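Biologist: I would like to learn how to read contacts, burial and cysteine pairs from a set of coordinates. Can we work through one example?

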Amino acid sequence: MTRTPDDAIVERADATRNRARLLEAAALLVADRGAEHVTMHEVARAAGVGKGTLFRRFGDRDGLLLALLDEAEAEFQEAYTSGPPPLGPGAAPRERLTAFGSALIDRITDDEDLGAALGRQILCERRIASDTCRAFQHHVESLLREAGTEGDHAVLAHALLAFVSFESVHHLRGERRISGARLRATWADLVRRMT
């Protein structure tokens, strides 16, 4: 059978539709039961597609959760790239950087935040390589550069973001019993010293 260009368009439309259905089903299951309790089989069944379609599209469970994380983070990304100051443009770089880290700390410590719930379930190595974390890295690097910080902006941004990683915040809040307010104050102090 010969394929026409229209067949390719139909396949792409089906793939787009399946992706949207899978992400919607996964988001509903995560919201209902928590990311740690959602399986690939349940997502495929809820979306009405075969498990093979799910694995071809996302590779594995982490791939699915990363795609869901990128979607969940879209609103936050909009806020820090084009929302009102001090998180968005219009404030001084130091103020924006302080607001960014404070917002991340608030989100990580909020058990109801979908992005945080998903991020906690994804292996650190995969999460750091995600579009979301690359966007965070780029944003912090840009603000450090705008603030006139001397040094290797990429490494300095990585050092700052390590302080507000899920692992660091979880350890500091859980094991060390450090409050969110103290974490935000320390973030502000780090930003002040660095800029």
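Modeller: Start with contacts. This is a predicted model. Setting aside residues up to four places away in sequence, aspartate 110 touches Ala116 and Arg120.

Biologist: Where is aspartate 110 found?

Modeller: Aspartate 110 is in the loop that runs between helix H6 (93-108) and helix H7 (114-121). A polar atom of its side chain lies 2.9 Å from the backbone nitrogen of glutamate 112.

Biologist: Does aspartate 110 count as buried or partly exposed?

Modeller: Burial is read from relative accessible area, and buried means under 20%. Aspartate 110 has 33% relative accessibility, so it counts as partly exposed. Aspartate 113 also lies in the loop between H6 and H7, but its relative accessibility is 14%, so aspartate 113 counts as buried.

Biologist: Which side chain makes a polar contact with the side chain of aspartate 113?

Modeller: That of arginine 107, at 3.0 Å. In addition, the backbone nitrogen of alanine 116 is 2.9 Å from a polar atom of the aspartate 113 side chain.

Biologist: How many disulfides does a search of the whole structure find?

Modeller: Zero. The test is distance: a disulfide needs two cysteine sulfur atoms within 2.5 Å. For cysteine 124, the closest cysteine sulfur is in cysteine 133, and the two are not bonded because 8.1 Å is too far.

Biologist: And how is the accessibility of cysteine 124 classed?

Modeller: Cysteine 124 is at 27% relative accessibility and therefore counts as partly exposed.

Key. Residues numbered from 1 in each chain as written. Predicted model: local features only at pLDDT ≥ 70, side-chain atom pairs only at ≥ 80, totals over all residues. Heavy atoms only, no water. Helix = DSSP H or I, 4+ residues; strand = E, 2+ residues; numbered from the N terminus. Buried < 20%, exposed > 50% of the residue type's maximum accessible area, 1.4 Å probe, protein only. Contact = heavy atoms within 4.5 Å. Polar contact = N/O pair within 3.5 Å; in protein donor to acceptor, adjacent residues only side chain to side chain.
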